[in-house]
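Reader: I have the model open and would love a close look at a single part of it. Could you pick one region, walk me through it slowly, and then show me how it sits in the rest of the chain?

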Amino acid sequence: MVTVTGPLSLSLAAAREDGSQKQSPKTLGACVAYIIHINAPFSLSLSPSFNHTLSHTLQSDSIPSFSQVPFGTLLHYMLPRKRASEGGVVAEGDTDANNNNGNTANSEAQSFPKKARTGFIAACSGATDSAVNDSDRGFSSGGNSGGSSIGGMATGGSQPADIDEDLHSRQLAVYGRETMRRLFASSVLVSGMRGLGVEIAKNLILAGVKSVTLHDEGKVELWDLSSNFVFSENDIGKNRAVASVSKLQELNNAVVVLSLTTRLTKEQISNFQTMLSITPRAATAMPVDGVSLLLFGGVVVILHESIDKNVAVVFTEISLEKAIEFNDYCHTHQPPIAFIKTEVRGLFGSLFCDFGPEFTVFDVDGEDPHTGIIASISNDNPALVSCVDDERLEFQDGDLVVFSEVHGMKELNDGKPRKIKNARAYSFTLEEDTSNYGRYEKGGIVTQVKQPKVLNFKPLREALNDPGDFLLSDFSKFDRPPLLHLAFQALDKFVSDMGRFPVTGSEDDAQKLISIASNINTNLGDGRLEDVNPKLLRQLAFGSRAVLNPIAAMFGGIVGQEVVKACSGKFHPLFQFFYFDSVESLPTEPLDPNDLKPLNSRYDAQISVFGQKLQKKLEDAEVFVVGSGALGCEFLKNLALMGVSCGQGKLTITDDDVIEKSNLSRQFLFRDWNIGQAKSTVAASAAAYINPSLNIEALQNRVGPETENVFNDTFWENLSVVINALDNVNARLYVDQRCLYFQKPLLESGTLGAKCNTQMVIPHLTENYGASRDPPEKQAPMCTVHSFPHNIDHCLTWARSEFEGLLEKTPAEVNAYLSNPNEYTNAMRNAGDAQARDNLERVLECLDKEKCETFEDCITWARLKFEDYFANRVKQLIYTFPEDAATSTGAPFWSAPKRFPHPLQFSSSDMGHLQFLMAASILRAETFGIPIPDWVKNPKKLAEAVDRVIVPDFQPKKDAKIVTDEKATSLSTASIDDAAVINDLIVKLEGCRSKLQPGFRMKPVQFEKDDDTNYHMDLIAGLANMRARNYSIPEVDKLKAKFIAGRIIPAIATSTAMATGLVCLELYKALDGGHKVEDYRNTFANLALPLFSMAEPVPPKVIKHQDMSWTVWDRWILKDNPTLRELLEWLKAKGLNAYSISCGSCLLYNSMFPKHRERMDKKVVDLAREVAKVDLPSYRRHLDLVVACEDDEDNDIDIPQISIYFR
């Protein structure tokens, strides 16, 4: 029952799910939502049956737009559907008058549906017709130490949330819209807010789940500061969950971040995601009998309970006994609740997943379905299908495929999935009898059908005794997972018996752990291990209390991805145990137990594993981090927590880029108010906030030959290690060469969607980064892109090229001409080739017949471009090559992979046509500086303007030349009269220039993919899709077009976090020194499968000569600037006869040139200045030479680079 007292006018209206209302409700369970309209101060009491409680009260000045308030059981809002009316809100379907006793309350009830006097807006249920769309979402609150606290507010509701494509573009490229929508409807509980818990929460909040509830009953200790990046010394003594809320909320205000500080129960696991969602303009909070309700001027919303569709719970600090109890509940719950148990103990980590008895994976690998272009199909049983050799087929035996666009054998076009076998590079057989089918004629596409997969997870209780196959990460440790499975059970038993973790350095505790493990192993019967490896158990015991940041970052990425899988069904889950250790990261020298004792510092946890000596090396390291994007942000966080460069050392970070909105979904050190600021500066400030002792310098310089005055010899020589956080190969190769030259360790990593890799480049131990390279990506032939596209990638490549030609290159060419006409025309005359002719033709065209002075001119230009691109050119193509055309060998010209095109007929009623014209005309107007009228965005008015354009008739030319040679690199054809044509064009240009206003310049438009308001992607998508229609190629939406044309690299926070964690585990080794090559690990991982492949780095190639040997890491140094003769004699003493010496691209000496003997007594550096014109600035102390040598038997010998030091 609801009881309201006080001097007020009151009405109650209960909203049903169908939008109708029920009058005078007696129980809260009878409806979905209640609206209480109040005119005066009041108090409200609820019956005991309504036991939803909330201990935190919202502050009215902290509430922007969407609020989600947690209750003890799940409360979900659903208000009547509404439409705006007279500045208020009308509840549709509520047309019946209230027929109570006609008092004031009744009259108020009647008036409310017509006009809400409070200004309450209609977005409560996520309706798309909301009267207000307030994007300022989210606030933070530390809350109190007990119960629940609110860390933010976010959009919620029964309708799918809109995806911010600017923010999530890179993540959308990995997951797709459907997975993102599932994430937006998912609630996650993370229990345990030490280093691992905060890493998991960070990754999930960046991913954009609906809500994350942080649970922890403990308080922040100094010990925690080495692994949790949100804690500061000011948080010591506060509840861990409460101290984490506000800082994690800053990562994504669209996610609700809540804290829970009481003991967790099974019922809370079912209901933790409970929240109340409303959208006030302004609100006040009022506690009523233990329930905090939001009041909007006078409207109170009380919400009925509902359960989110996707729920996951993650435990990082829980006993095995309690985990089994919670897991049993989650496994049998309907629907099942995804359960993950994970922990990191020193250099060890474990992970267990249970997503229920029957979990469906919709996409096991995240890859696009493979396709092939059919060349022939036999009438056989089984049928042989051959495909064109344009690209290798990626099919496997047993795959299901569907056929489309097959001519002749039309029976295969029924959309029915068919199983294949005998898959080869360009063919496969079909398990079907096609003997009686029509004869194959031409065409056809075969596409893989991805099948969902159902996994039957076992509960933890059962899986402990029957774990099945462990996911292996390191093949050199193939026997390690069963041992760690036993070790973590033994550690849990130790903690259960002793009430604490083993003491660091305590041999007694280590022996007790070994004894427990041995007892458990003995009781395993036939499944027992031959050796429990006491040394490994001792290492686990010594570091078991510590949560190390690198391990936490690595597992935070893996677990975060598993949660995404649980909530979305995207990618194959980890099934079911994963164990990991990195004991190779320990110092090579034996650790003295006294060296492991705490120093009452924030690094005590790390010291308990590695000792004080290595901690000192970390703090005094000189580190160079190149790049501060997604990888760079994670690295800075990790390094700050590890204490790297926090003593006598210094960390230098450089990045010449600025922050964009699309960065915020993974580059977690940045906030929306940092957009436009320098990445390195903001990242450095954020890292210094994580650890105020961090000595960091932020630069905005690109690392390359042009900045060697900044990153000079002294800079490189003083470095301890270099960490690459780059996104392009060329920059990586340059840094690799610098590290090779100065013999510095380089820690390399990269990500691509759910994949990541790490490579350790260690002086004299491993090969360098540039020693092996991936093959170059295959490029489509120019003629294919321009005349014979057969997939949407070709269309988008063409569209991007046309965009740049029309809007950037041609206007820039016009400006180059107008800035200095004489110089420009002379250059064209001197060139005298087809390219010069084309340039002049484009400039003349732009300033003459295609010159725009009004916006109507721009519409005319756009309409004629449409006709040229999608009608006239196609008409010319099919006139030159009719559908029945044959090649010189007699084969059909239009055979696979060519697709026969059809010209488009323009229609102003086709929205695709109009959208192309709108984007083209707007961007054309920009290049001419013409104001853009508002009416252009009105389809009706734009259509009227377009229909007024007169389009001339087109007649195909008989002598048109269309390039069909796949090896052609240019579409321009040379002519013997190019020079005469160029002179004629220059004369015409001079005439056009004389008619221009003084100072006239065009405004080139540079392509920017990440601004959805600039019409760039609208035009590119329009160009590509109209061309796709020409060739009957499936069209794509603007987002997909952005991925392809914008060359967007798919990226997610989870793989980034994992990669950086793995690299930092290697950093311990690199800074400690003394490790062998077999101690290091290179890694390739694919979190989608999941797959982890770790291996020793490849050693460098060794070259031997006489009693000497060297590798690419060696450099021969000569000091005091020797003469050329002295250099040759120095080499001769090593049994090497130098026949060629060069500096840069200039030859200083060659034994075949007699005149070069005159240079023998000149100093090498002087010779380089004189002959090679080498500029040696003051910061350069040496000169590098490349010397070609042979031995006494005339065999070529590759020798190291030679450096001549002269300062």
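Author: Happily! Let's begin with helix α18, residues 729–742, which lies across β29, β32, β33 and β34 and runs at about 165° to β33. Please keep in mind throughout that this is a predicted model.

The strands under that helix belong to an open sheet of eight strands, in the order β31-β30-β29-β32-β33-β34-β35-β36, with mixed pairing. At the edges stand β31 (696–699) and β36 (1091–1095); each has a single partner strand, so one side of each is left without a neighbour in the sheet. On average, neighbouring strands of this sheet are turned by 10° against each other, direction ignored. A second helix to look at is α15, residues 630–642, which packs on the sheet and touches β29 (622–626), β30 (650–654), β31, β32 (721–724) and β33. The direction of α15 makes about 130° with that of β33.

Now let's zoom in on strand β34, residues 755–761. How much of β34 is covered? Five of its seven residues are buried, so the strand is mostly covered. On one side, β34 pairs with β33 (residues 746–752) in the antiparallel sense, over seven bridges. If you want a place to check the register, take Ser-749, whose bridge partner in β34 is Thr-758. These two strands form a hairpin with two residues between them, and there Gly-753 takes a positive phi near 60°.

The other pairing of β34 is with β35, residues 1082–1086, again antiparallel, over four bridges. Here Lys-755 has Asn-1086 of β35 as its bridge partner. Asn-1086 is a handy residue to keep selected, as it also stands opposite Leu-1091 in β36. That pair belongs to the antiparallel arrangement of β35 and β36, which are joined by five bridges. As a general reminder, strands of a sheet pair through backbone hydrogen bonds, either parallel or antiparallel.

Let's go back to the stretch of sequence that holds α15. Which residues does Thr-1060 contact, leaving aside its neighbours within four places in sequence? They are Leu-631, Glu-634, Phe-635 and Asn-638. Thr-1060 itself is found in helix α29. The C-alpha atoms of Thr-1060 and Lys-637 are 9.9 Å apart, although these positions lie 423 residues apart along the chain. Why does Thr-1060 count as buried? Its relative accessible area is 0%, and buried means under 20%.

Helix α29, residues 1053–1072, also supplies the largest share, eleven residues, of the largest nonpolar core. That core has 174 residues, and Leu-248 and Phe-578 touch the most other members. Phe-578 is worth displaying with its surroundings: not counting residues up to four places away in sequence, it touches Gly-349, Ser-350, Leu-351, Leu-471, Ser-473, Met-554, Phe-555, Ile-558 and Phe-1092. The last of these brings us back to the sheet, since β36 spans 1091–1095. Apart from this core lies another, of 79 residues, among them Phe-900, Phe-906, Val-946 and Leu-1019. In general, nonpolar side chains of soluble globular proteins tend to be buried together.

A few cysteines deserve a stop as well. Cys-783 is covered by the annotation "active site" in an unreviewed UniProt entry. In the model, Cys-783 is placed in helix α19, residues 782–787, and is buried, with a relative accessible area of 3%. As for cross-links, the structure holds zero disulfides. Cys-846 is in no disulfide, and the nearest cysteine sulfur, that of Cys-852, is 7.8 Å away. Cys-846 is buried, with a relative accessible area of 3%. Cys-1146 is in no disulfide either; the nearest cysteine sulfur there is that of Cys-1143, 7.5 Å away. Cys-1146 is partly exposed, with a relative accessible area of 21%.

Finally, here is the wider setting. The secondary structure of the protein comes to 31 helices and 44 strands. Of its 1207 residues, 56% are buried. Among contacts with a separation of 6 or more, 73% join residues 24 or more positions apart, and the contacts of Thr-1060 with Leu-631, Glu-634, Phe-635 and Asn-638 give you a place to start looking.

Note on methods
Residues numbered from 1 in each chain as written. Predicted model: local features only at pLDDT ≥ 70, side-chain atom pairs only at ≥ 80, totals over all residues. Heavy atoms only, no water. Buried < 20%, exposed > 50% of the residue type's maximum accessible area, 1.4 Å probe, protein only. Pairing = 2+ DSSP bridges. Core = buried A, V, L, I, M, F, W, Y, C linked by side-chain atoms within 4.5 Å. Contact = heavy atoms within 4.5 Å. UniProt positions renumbered as here; feature names shortened; annotations may be inferred. Axes fitted to C-alpha atoms, helices over the stretch in contact; angles between N-to-C directions. Disulfide = S-S within 2.5 Å.
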